[in-house]
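This report goes through one protein chain, starting with a single helix and then widening to the overall fold and to a few residues with notable backbone geometry or contacts.

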Amino acid sequence: MKGVILAGGSGTRLHPLTRITNKHLLPIYDRPMVTYAIEALVEAGVGEMMLVTGGTHAGEFFRLLGNGHEWGIDRLLYAYQERPGGIADALGLAERFAERGRIVVMLADNVLERSLAEAVANFAAQERGARILLAREEDPEHLRHLGVPELDGDGRIVRIVEKPAEPGSPFAVTGVYFYDGGVWDVLPTLEPSGRGELEITDVNNWYVEHGLMEYDVVEGFWGDAGESIDAYYAVNDFVRKHGANRP
């Protein structure tokens, strides 16, 4: 299984911090944000990765990460997203790297308290389809700004709704996604959303509609450090006190 780290976007929600750098290069406690996603994948046994980025600061990732060996990566490749086109558009750049095989995708602004190893093992044992990580979020107001799964009586996902007025469950979809080789056939069928981007929620809902979506619920803390300035500092505070990617 190969890993894809998505580190693009304009970072407008973290202005003015992102006026002079990519948001994923901002510090979380004592090191750059992107290194937490790398650590999560490496410690879960994923040794081959592609980092997808864009904008005017792409070269800074190469200066930071180089060939990836210092960070425990066996093989690191880079891809450049020429314009902001959404998460699904960025993922499409990794098709040749993945050789149309299985992948784990992680947004570089997501930080987890606990290891990804169990979720990676669960997906490896899954015959086909996709898998996502959910995090319990008790604040309904916060859920209205996130992707939220609706569950049936058996606990299966029936659809995922972005920014629902009435959240259908107390869970948020995190920025960690697992896909089988079928994802490379799904991506070309997507239509841009109202904001002109290819949405990863549309990919996930394709798998849901075909009965091919599974999920795990993360243990411990999950934070999206790119969600807002307040969220960025909340993730900083948590990592400083408790660490991240712990077994």
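The expected span of a helix is taken as 1.5 Å times one less than its number of residues. The model discussed here is a predicted one, and helix H9, residues 229-242, can be held against that rule: its 14 residues should span 20 Å, and because its end C-alpha atoms are 20 Å apart, the expectation and the model agree.

**Helix H9 and its surroundings**

Within H9, the residues that count as buried are Ala-231, Tyr-232, Val-235, Asn-236, Phe-238 and Val-239. The elements that cover these buried residues include strand S2 (27-28), helix H1 (34-43), strand S7 (110-112) and strand S13 (222-224). Just after the helix comes Gly-243, which takes a positive phi of about 80°.

**Helix H8**

Is helix H8 largely enclosed by the rest of the structure or largely open? Of its 10 residues (200-209), 7 are buried, so the helix is largely enclosed by the rest of the structure. Those buried residues are Ile-200, Thr-201, Val-203, Asn-204, Asn-205, Tyr-207 and Val-208. They pack against helices H3 (87-92) and H7 (183-186) as well as strands S8 (130-136), S10 (157-162), S11 (171-179) and S12 (213-217). H8 is followed by Gly-211, whose phi is positive, near 65°.

**Strand S12 and Glu-214**

Strand S12, one of the elements against which the buried residues of H8 pack, contains Glu-214. With a relative accessible area of 30%, Glu-214 is partly exposed, since that class lies between the buried limit of 20% and the exposed limit of 50%. Leaving aside neighbours within four places in sequence, Glu-214 is in contact with Gln-126, Ala-130, Arg-131, Ile-132 and Arg-156. The C-alpha atom of Glu-214 is separated by 9.9 Å from that of Arg-128, although the two residues are 86 residues apart along the chain.

**Backbone features in loops**

The peptide bond from His-15 to Pro-16 is cis, with omega near 10°, and Pro-16 lies in the loop between strand S1 (2-6) and S2. Two further loop residues, neither of them a glycine, have a positive phi, and they are set out below.

| Residue | Phi | Loop between | Relative accessibility |
|---|---|---|---|
| Tyr-29 | about 55° | S2 and strand S3 (31-32) | 44%, partly exposed |
| Arg-100 | about 55° | helix H4 (95-98) and strand S6 (103-107) | 38%, partly exposed |

**The chain as a whole**

The protein chain has 9 helices and 13 strands, and its C-alpha atoms fill a box of roughly 50 × 40 × 40 Å along the principal axes. For 247 residues a compact globule would have a radius of gyration near 18 Å, and the 17 Å of this chain therefore agrees with that description. Of the 247 residues, 53% count as buried, and among contacts with a separation of 6 or more, residues 24 or more positions apart account for 73%. The accessible surface comes to about 11600 Å², and 48% of this surface belongs to carbon and sulfur atoms. As for charge, the chain carries 23 positive and 38 negative charges, and the mean positions of the two sets are 3 Å apart.

Terms used
Residues numbered from 1 in each chain as written. Predicted model: local features only at pLDDT ≥ 70, side-chain atom pairs only at ≥ 80, totals over all residues. Heavy atoms only, no water. Helix = DSSP H or I, 4+ residues; strand = E, 2+ residues; numbered from the N terminus. Rg over C-alpha atoms; globule rule 2.2 N^0.38 Å. Buried < 20%, exposed > 50% of the residue type's maximum accessible area, 1.4 Å probe, protein only. Contact = heavy atoms within 4.5 Å. Areas by Shrake-Rupley, 256 points an atom, 1.4 Å probe, with all protein chains shown as cover. Lys, Arg positive; Asp, Glu negative; His and termini not counted. Charge placed at Lys NZ, Arg CZ, Asp CG, Glu CD.
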